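Please work through the exercises below with the sequence and the structure at hand. Each task is followed by a stepwise solution.

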Amino acid sequence: MTALRNDAARLGAEGVTVGYADRVVLDNLDVTIPTGVITTVIGPNGCGKSTLLRTLSRLLKPRQGTVLLDGHDIARLKTKDVAKRMGLLPQTPIAPEGLTVADLVARGRHPHQSWVRQWSSDDADVVAKALHMTGVADLAHRPVDSLSGGQRQRVWISMTLAQGTDLLLLDEPTTYLDLAHAIDVIDLVDDLHEGGCTIVMVLHDLNLAVRYSDNLIVMKSGSIVAQGHPSEVITSELLLDTFGLQAKVIDDPVSERPLIVPIGRTHVAVTKS
Amino acid sequence: MSTQMHPGVRVGNWSWVWRPRIVLVTTILAALTFLVFCVSISVGDFTIDLPSVIRTIFGQGERVDEFVIMDLRMPRALVGLIVGAALGISGALTQSIARNPLASPDVLGITGGASATAVFLVTATGGAVVTGTIGLPAAALTGGLLTGLLVYFLAWRRGIDGFRLILIGVAVSAVMQALTTWLLVLADIRDVARAQAWLVGSLDSRSWGEVWTTLWVTVALIAVVLVTAFQLQPMHFGDDVAAGLGVRYSAVRAVLLLCAVLLAGVAVSAAGPVPFVALVAPQITMRLLRTPVPPLIASGLFGALLLIGSDLIARPVLPNDLPVGIVTAIIGGPFLVYLLVRANLKRAA
């Protein structure tokens with residue numbers, strides 16, 4: 001492998017400008033994803049956080065600038081080689097009705113397979129391991145459409161794991177899940193991080209992002225306004241500036257992280273301080 | 001840990017997933033298709049017994065049988081086989097790509113475009129071009145291909161969306177049908193009769209010349225499809241997942257859609273717009289094999305079985321040489337409804 005341009009970082013973007021038709025979504029943006037930690041992109045709706053993730057994962061081609069994966073310009077890598085280095089879970093994956101969990105997760109081996117090599121013993125081992133790690137091994141023969149939302153999301157994460165990479169990009173993995181299932185899925189993501197994975201994800205829920213991320217990227221109108229550890233980044237000023245949200249930031253009684261307590265117009269008993 | 005995983009078939013570095021049910025049902029379908037193919041050859045103005053038919057097909061038959069079988073009956077049966085397989089595979093491809101069971105070549109306007117072109121040729125030349133000459137099949141194929149491309153480009157908007165593809169296909173189909181009707185209204189009554197006979201789809205009076213062209217084109221297309229189809233598997237999960245798994249989905253989709261359009265075009269040009277086979281064969285096969293997506297090879301086999309089976313019924317059982325297209329709809333429709341209802345009952349139980 002050639003020398004890495006961003007020291008230890010495996011993934012990053014240099015001066016990327018991305019847009020749809022006549023609208024520019026990301027304007028000349030630089031970003032580096034630290035290796036071995038959970039990085040979460042947050043920001044108000046329409047700030048370009050999903051666009052950033054889609055650009056980093058090569059789903060979108062930047063008009064200008066480059067995305068670097070392991071020191072290579074991602075646009076010049078073969079699609080298959082990108083898939084061997086980076087796992088991706090997009091927002092709305094489709095599971096055909098009746099498809100079993102084992103079959104879905106087995107598809108994660110696709111980048112390693114060919115027409116004559118469709119199911120090697122390596123494939124079987126890696127898929128069994130991925131099913132096991134995500135706690136869905138007991139569901140292997142169930143149809144995906146018969147599972148709960150949380151289980152289904154575990155299955156999709158299992159598929160990206162079966163790709164055999166330790167760099168995972170997850171686009172809103174907790175959307176549509178109730179809080180208990182969201183915690184369950186994001187605990188799984190944390191387990192993967194403990195196991196050595198580098199994770200980049202987009203989250204809507206700020207408190208989940210603060211609790212679980214080592215590195216936050218805060219975006220507004222297509223630019224990055226802050227980046228760093230949640231304890232350093234999250235302040236009531238930032239929340240007001242970026243999200244237009246009045247909130248108190250207090251110490252989380254459960255973890256050693258900040259906790260965001262939103263202040264709405266009603267049900268506010270204490271005066272703002 | 002690997003007990004719950006699929007067993008594999010492994011020879012050296014080559015490996016495939018072993019799925020007993022799929023292999024078993026596909027084999028049964030192949031055997032049934034061959035049987036019906038032989039029966040279809042054995043019946044006619046006089047019956048030749050099955051063993052003689054099979055011997056003759058493998059080159060061990062008697063002189064008399066050989067003439068009747070190889071020269072008279074074989075072309076018709078073979079065209080039925082090829083056309084059915086082409087329609088079945090074409091339908092499985094369009095349904096997979098659009099991720100919608102409605103997306104068959106009939107619905108996407110390919111068949112309609114082929115028909116309109118063929119009818120235009122028959123009526124415009126005053127009947128100089130008739131069924132059987134190379135002009136008509138070539139025109140139908142070109143018409144089908146152009147209509148298919150038109151629908152594809154009209155439906156393209158930052159990628160292909162299944163619903164949009166179907167809606168545009170339905171619209172273009174309607175235009176083509178109107179065009180066909182208009183041409184028929186304007187045309188001379190004798191040309192209309194000729195065109196009508198072709199329009200319902202029929203396997204009547206096939207010659208070896210047509211068989212060879214159809215056969216080689218179809219075999220070549222199916223080969224391309226089977227090699228490319230490996231890349232189709234992740235595409236059932238949506239474009240983003242497919243891209244994440246290393247599939248260049250735009251290229252794969254373009255190649256497979258082109259193959260689907262050409263397969264349907266070849267089928268229509270050989271036997272007329274036989275309705276329903278492309279729609280129903282993949283859906284029935286999916287339920288027989290219990291696969292979540294339309295299986296390609298088995299859909300082709302079932303399409304062939306449905307078409308030659310229908311032709312077999314259309315010829316001796318029913319009077320007046322009923323065209324095969326009518327029978328495929330009469331048999332295929334209720335069978336699909338039966339499978340759907342049975343699945344509903346099972347779920348309710």
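The exercises treat the fold of one chain, its domains and the contact between chains.

This is a predicted model, in which local features need pLDDT of at least 70, side-chain atom pairs count only at pLDDT 80 or more, and totals for chains, interfaces and linings use all residues. Residues are numbered from 1 along each chain as its sequence is written, while chains are lettered from A and ligands numbered from 1 in the order in which they are written.

**Exercise 1.** Describe the secondary structure and compactness of chain A.

Step 1. Chain A has nine helices and twelve strands, taken as DSSP runs (helices: H or I, at least four residues; strands: E, at least two) numbered from the N terminus.

Step 2. The radius of gyration of chain A, 19 Å, is close to the 19 Å given by the globule rule for 273 residues, so chain A is as compact as a globular protein of that length. The radius is taken over C-alpha atoms, and the rule is 2.2 Å times the number of residues to the power 0.38.

**Exercise 2.** Locate the domains of chain A and characterise their contact.

Step 1. Domain 1 covers 1–86 + 165–235 and domain 2 covers 96–164; the bounds come from an automatic or database domain assignment.

Step 2. Twelve residues of domain 1 of chain A contact eleven of domain 2 of chain A (C-beta atoms, placed from the backbone, within 7 Å).

Step 3. On the domain 1 side, H6(A) gives the largest share, four residues.

**Exercise 3.** State how many residues each chain brings to the contact between chains A and B.

Step 1. Chain B contributes 29 residues and chain A 35 residues.

Step 2. Strand E2 (14–17) and helix H9 (239–244) of chain B each supply at least two residues of the chain B side.

Methods:
Two residues are in contact if their C-beta atoms, placed from the backbone, lie within 7 Å.
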